Amino acid sequence: KIGAKLTKLRKAAGYKNGDDFAYDHDINRSQYGKYEAGVKDMRISSLLKTVNALGVTIEEFFSGGLE
């Protein structure tokens with residue numbers, strides 16, 4: 001569910017693919033792809049970095065739950 005929300009927010013930020021987003025924000029592209037796909041667990045530090053790069057706070061990320 002976290003991966004789906006990351007994908008939704010990335011697309012809303014104007015990034016068509018995760019590779020470009022990860023590259024622009026100094027996030028490992030391979031790892032980021034696994035996070036979005038939901039096949040790799042994220043450390044809280046990675047989640048915080050990613051959420052901040054998406055322009056939202058961790059509170060905003062989790063508000064309203066996960067779809």
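# Exercises on a predicted helical model

The largest nonpolar core of this predicted model has twelve residues: L6, Y15, F21, A22, I27, Y32, Y35, L47, V51, L54, V56 and F61. Among the helices, α2, α3 and α4 each contribute at least two residues to this core. As a general tendency, nonpolar side chains in soluble globular proteins are buried together.

## Exercise 1. Two core residues of α4

Task: Determine whether L47 is buried or exposed, and identify which residues L47 and V51 touch beyond four places in sequence.

Solution.

1. Locate the residue. L47 belongs to helix α4, which spans residues 44-53.
2. Assess its accessibility. The relative accessible area of L47 is 6%; the cut-off for burial is under 20%, so L47 is classed as buried.
3. List its contacts. Setting aside residues up to four places away in sequence, L47 touches I2, M42, I58, F61 and F62.
4. Proceed to V51. With the same exclusion of residues up to four places away, V51 touches V56, T57, I58 and F61.
5. Compare the lists. I58 and F61 appear both among the contacts of L47 and among those of V51.
6. Add a distance. The C-alpha atoms of L47 and Y35 are 9.3 Å apart, and the two residues are separated by twelve positions along the chain.

## Exercise 2. A threonine and a lysine with low accessibility

Task: Establish in which helices T50 and K5 lie, and which residues they contact beyond four places in sequence.

Solution.

1. T50 is located in helix α4. Its relative accessible area is 1%; because burial requires a value under 20%, T50 is buried.
2. Beyond its neighbours within four places in sequence, T50 is in contact with L6, F21, I27, Y32 and M42. Of these contacts, L6, F21, I27 and Y32 are also listed in the largest nonpolar core.
3. K5 is located in helix α1. With a relative accessible area of 16%, K5 is also buried.
4. Beyond its neighbours within four places in sequence, K5 is in contact with E60, F61, S63, G65 and L66.
5. Place K5 in the setting of its helix. The buried residues of α1 are G3, K5, L6, T7 and R10, and they pack against α2, α3, α4 and α5.

## Exercise 3. The buried side of α3 and its salt bridge

Task: Explain why the buried residues of α3 are on the same side of the helix, and state which residue forms a salt bridge with E36.

Solution.

1. Identify the buried residues of α3: these are Y32, Y35 and E36.
2. Consider their directions. They cover an arc of only 95° around the axis, and therefore lie on the same side of α3.
3. Identify the packing partners. The buried residues of α3 pack against α1, α2 and α4.
4. Examine E36. Its salt bridge is with R10, and the closest N and O atoms are 2.6 Å apart. The pair joins distant parts of the chain, with E36 in helix α3 and R10 in helix α1, 26 residues apart.
5. Check burial and number. Both E36 and R10 are buried, and the structure holds one salt bridge.
6. Inspect the ends of α3. At the N-terminal end, N28 acts as a cap, with a side-chain oxygen 3.0 Å from the backbone nitrogen of S30. After α3 comes G38, with a positive phi near 80°.

## Exercise 4. Loop residues and positive phi

Task: State which backbone nitrogens the side chain of N17 reaches, and which sign phi takes at D26.

Solution.

1. Locate N17: it lies in the loop between α1 (2-12) and α2 (18-24). Its relative accessible area is 31%, which means that N17 is partly exposed.
2. Follow its side chain. It reaches the backbone nitrogen of D19 at 3.1 Å, and a polar atom of the N17 side chain lies 2.8 Å from the backbone nitrogen of D20.
3. Locate D26: this residue is in the loop between α2 and α3 (29-37). D26 is exposed, with a relative accessible area of 61%.
4. Read the backbone angle. Phi of D26 is positive, near 55°, and D26 is not a glycine. In general, most residues other than glycine have a negative phi.
5. Consider a glycine. G14, just after α1, takes a positive phi of about 95°.

Key
Residues numbered from 1 in each chain as written. Predicted model: local features only at pLDDT ≥ 70, side-chain atom pairs only at ≥ 80, totals over all residues. Heavy atoms only, no water. Helix = DSSP H or I, 4+ residues; strand = E, 2+ residues; numbered from the N terminus. Buried < 20%, exposed > 50% of the residue type's maximum accessible area, 1.4 Å probe, protein only. Polar contact = N/O pair within 3.5 Å; in protein donor to acceptor, adjacent residues only side chain to side chain. Contact = heavy atoms within 4.5 Å. Core = buried A, V, L, I, M, F, W, Y, C linked by side-chain atoms within 4.5 Å. Arc of directions from axis to C-beta. Salt bridge = Lys/Arg side-chain N within 4 Å of Asp/Glu carboxyl O.
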